[in-house]
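This report looks at one helix and at the empty spaces in a protein model. The sequence and structure come first.

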Amino acid sequence: MVVLFFKNNVEFVKKYVNSHSNCVAFWYSDGLSSYLLLSEIIKIEKILIEEKISEAFKKQYADVFSSIHYEIFPSKLQTKTENTGKIAFIASNDTHIHLFKNILKRIGGSKYSLYCRTGENAPKEASKLGFDNSGDSFDCMDSRHQMNLLVLGNDWGLIEYMTVNKYHSLGVNTVCIQESILDLNLKDRRLQNCSFPVFQGLNTLESVNLENKIAAIIGNPRFEELQLTPIPNLPKVFINVNFTYGIFEDIRDKWIGDVVNCCATLKIDYIISQHPRDNGKLDGLKVLKSNAGVVHDAIKESSIVVSRFSAILLEAIALGRPAIYYNPHGEVMQYRFEPDNKSLFFARDHDSLLEIIAYLISDKFTFSGNTFLNLHLGNTYEGTSSKFISTLLEDIKGATLIKKNSILQIIKVKLRFIKFIVFNKLKK
């Protein structure tokens, strides 16, 4: 595969990927270390580098790409649209407020407008952290003429998808920042509807079609403040319960029962962190009603984390806690998530879960998560994800549209949106 690295010359990159097969383009800025293991994910035949970044790139990656043929293409400021407005951010839930917060601080309040979708605590969390809320998702649609870039953490929700298409119709680019590990199945088109996806780590590339893709691999600003913390003297299991939106809710009680039983057998304490959108009745159990603002403190007070498919697994490892992906129900996610048995472990039934927990509380276990984090979270651990994403947004805001969705996709989402509006009116 031919790999292009660029910073400003979007026009050249766009023309190249649209006229050549078997190629992909990634944004780069001096010091961005997220591509160190790229050759382990992609078979690279040739590299094209924009002249402006060529020396910095070759110096930083001298040992990694030294045997690969390089070509330099000229730097040229991309054609700017006449739209000189702000950057619009849509927070679809409270988690996205934490995803955006360090980026917003770097950009400055006069250069962006934050819109919070109602229903999943985004307005409340924005207010708590001191951010002004300019309105909801529909207000973001209506304000598109005053914006020169749209940033999301979700480009596949119906309202978000409609907003993306509205911005594209004006020639405005849309950026979707990967907010966690995701089920990247083809049906939901996650990170595919925006014009420019920002992946949190190289591992995500295993689950997406890179052909003619223009993107960036940076990290996850939501996790960049996480650091290894001392493990408590007494073992305690953090149990993440996130059976939400009708997904596997029928096996919730059995799943929790298995984990609690293992803790009882090994005579160790536990705390259940219940996702704010999980509606299970957990009477008689030790439960913490969780949200994005309190979950990290609860993990720090624990020594092991057990969860089904969730970003919590990565957050635990970033905090220095071994994580167990407990999957007795056989869920299949389009995301390569292999255990390294140093930081991430897999258990598929009660007995294997019991065995792993017993091992993790023994003197035989030593935690090691650096390699795993580098693959899954890019440069997050360096604490600079928000810095590089802010630079990226400055580089591409106002640039000519990189890509838009097909007419068929646009028609489909419009029909879904009409059904959504009609249904809500009938409910009233």
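## Helix 2

The model is a predicted one. In helix 2, E55 and K59 are exposed. They lie on the other side of the helix from the buried residues, which are I53, S54 and F57. Viewed down the axis of helix 2, these buried residues fall within an arc of 125°, so they line one face of the helix.

Helix 2 covers residues 51-60. Its buried residues pack against three strands: strand 1 (2-6), strand 3 (46-50) and strand 4 (69-73).

## The largest pocket

The largest pocket holds about 1,300 Å³ of space. Its lining is made up of 46 residues, and those nearest the centre of the pocket are N93, E179, T244, Y245 and H275. Two or more lining residues come from each of helix 3 (94-107), helix 5 (137-142), helix 6 (158-169) and helix 9 (312-318). Helix 3 contributes the most, with 3 residues.

By residue class, the lining of the largest pocket has 15 nonpolar, 18 polar and 13 charged residues.

## The cavity

Across the whole structure, a search finds 1 cavity of 30 Å³ or more. The volume of the largest cavity is about 60 Å³.

The largest cavity is lined by F223, L226, A318, L373, N374, L377, G378, T380 and Y381. Helix 11, residues 370-377, gives the most to this lining, with 3 residues. The lining of the largest cavity has 6 nonpolar and 3 polar residues, and no charged ones.

Methods: Residues numbered from 1 in each chain as written. Predicted model: local features only at pLDDT ≥ 70, side-chain atom pairs only at ≥ 80, totals over all residues. Heavy atoms only, no water. Buried < 20%, exposed > 50% of the residue type's maximum accessible area, 1.4 Å probe, protein only. Helix = DSSP H or I, 4+ residues; strand = E, 2+ residues; numbered from the N terminus. Arc of directions from axis to C-beta. Contact = heavy atoms within 4.5 Å. 1 Å grid on protein atoms, 1.4 Å probe; cavity = no way out; pocket = protein on both sides within 12 Å on 5 of 7 lines; lining within 4 Å. Points joined across faces, edges and corners; volume = space filled by probe spheres on them. Nonpolar A, V, L, I, M, F, W, Y, C, P; charged D, E, K, R; others polar.
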